[in-house]
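Work through these short exercises with the structure open beside you. Try each task before you read its solution.

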Amino acid sequence: METNKLKNSVYKYCFVPLCKNTSVSTPDKIFLNVPESKKLRRNWLKAARRDKKDVSDKSHLSCCEDHFDIENDLENYVQFKLMGLKRLILKKDVIPHKFECQLN
């Protein structure tokens, strides 16, 4: 594990219940920000089976790539892969939709 990478980055964990991915335990995973838009944020929480009462509207949450089809859910996937872009853009209204970590 690269020490410099951790020093210069913020610790992130996946907001999906039962998902164990963090920026420390899985440093090569992509973590996407949960949107601030109330409607879209509510849809993300509902999809992940996360109780919205437990989450402040102001809290910064992240969701790991395991809950998306990154290749098809990103607007700029090709640029990300070919040019190493740092800023990823999800397609409009995409919500997490893969939850293998949740059995039911």
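**Exercise 1. Place Gln 102 and decide: buried or exposed?**

Step 1. Find the residue. Gln 102 sits in the segment after α4, the helix that spans 77-83. Keep in mind that this is a predicted model.

Step 2. Read the relative accessible area. For Gln 102 the value is 8%.

Step 3. Apply the cut-off. Buried means under 20%. Gln 102 is therefore buried, because its value is 8%.

Step 4. List the contacts, leaving out residues up to four places away in sequence. Gln 102 touches Val 16, Pro 17, Leu 18, Ala 48 and Arg 49.

**Exercise 2. Describe the setting of Gln 79. In which helix does it lie?**

Step 1. Locate the residue. Gln 79 belongs to helix α4.

Step 2. Classify it. Its relative accessibility is 35%. Partly exposed covers the range between under 20% and over 50%, so Gln 79 counts as partly exposed.

Step 3. Look for contacts beyond four places in sequence. Gln 79 is in contact with Gly 84 and Leu 85.

Step 4. Compare sequence with space. Gln 79 and Val 34 are 45 residues apart in sequence. From C-alpha to C-alpha, they are 22 Å apart.

**Exercise 3. Find the salt bridge. Which residues form it?**

Step 1. Count. The structure has one salt bridge.

Step 2. Name the partners. Lys 29 pairs with Asp 66, and their closest N and O atoms are 2.7 Å apart. A salt bridge needs a distance within 4 Å, so this pair qualifies.

Step 3. Place both ends. Lys 29 is in the loop between α1 (3-7) and β1 (31-33). Asp 66 is in the loop between β2 (62-64) and α3 (70-73). The pair links distant parts of the chain, 37 residues apart.

Step 4. Check exposure. Lys 29 is partly exposed at 27%, and Asp 66 is partly exposed at 29%.

**Exercise 4. Which residues form the positive patch, and which form the nonpolar one?**

Step 1. Take the positive patch. Lys 38, Lys 39, Arg 42, Lys 46, Lys 52, Lys 53, Lys 58 and Lys 92 form it on the surface.

Step 2. Examine one member. Lys 52 lies in the loop between α2 (38-47) and β2. Exposed means over 50%, so Lys 52 counts as exposed at 52%.

Step 3. Take the nonpolar patch. Its members are Val 78, Leu 82, Met 83 and Leu 85. Together they have about 420 Å² of accessible area.

Step 4. Examine Leu 85. It is in the segment after α4. Leu 85 is partly exposed, with a relative accessible area of 31%. Patch residues need over 30%, so Leu 85 passes that cut-off.

Note on methods
Residues are numbered from 1 along each chain as its sequence is written. This is a predicted model: local features need pLDDT of at least 70, side-chain atom pairs count only at pLDDT 80 or more; totals for chains, interfaces and linings use all residues. Side-chain values use heavy atoms; hydrogens and water are left out. Helices (H or I, at least four residues) and strands (E, at least two) are DSSP runs, numbered from the N terminus. Buried means under 20% relative accessible area, exposed over 50%, partly exposed in between (1.4 Å probe, protein chains only). Contact means heavy atoms within 4.5 Å. A salt bridge is a side-chain nitrogen of Lys or Arg within 4 Å of a carboxyl oxygen of Asp or Glu. Patches are made of residues with over 30% relative accessible area and no salt bridge: like charges are joined within 9 Å, nonpolar side chains (Val, Leu, Ile, Met, Phe, Trp, Tyr) within 5 Å. Accessible areas come from the Shrake-Rupley method with a 1.4 Å probe; for residues, only the protein chains shown count as cover. Lys and Arg count as positive and Asp and Glu as negative; His and the chain ends are not counted. The place of a charge is taken as NZ of Lys, CZ of Arg, CG of Asp or CD of Glu.
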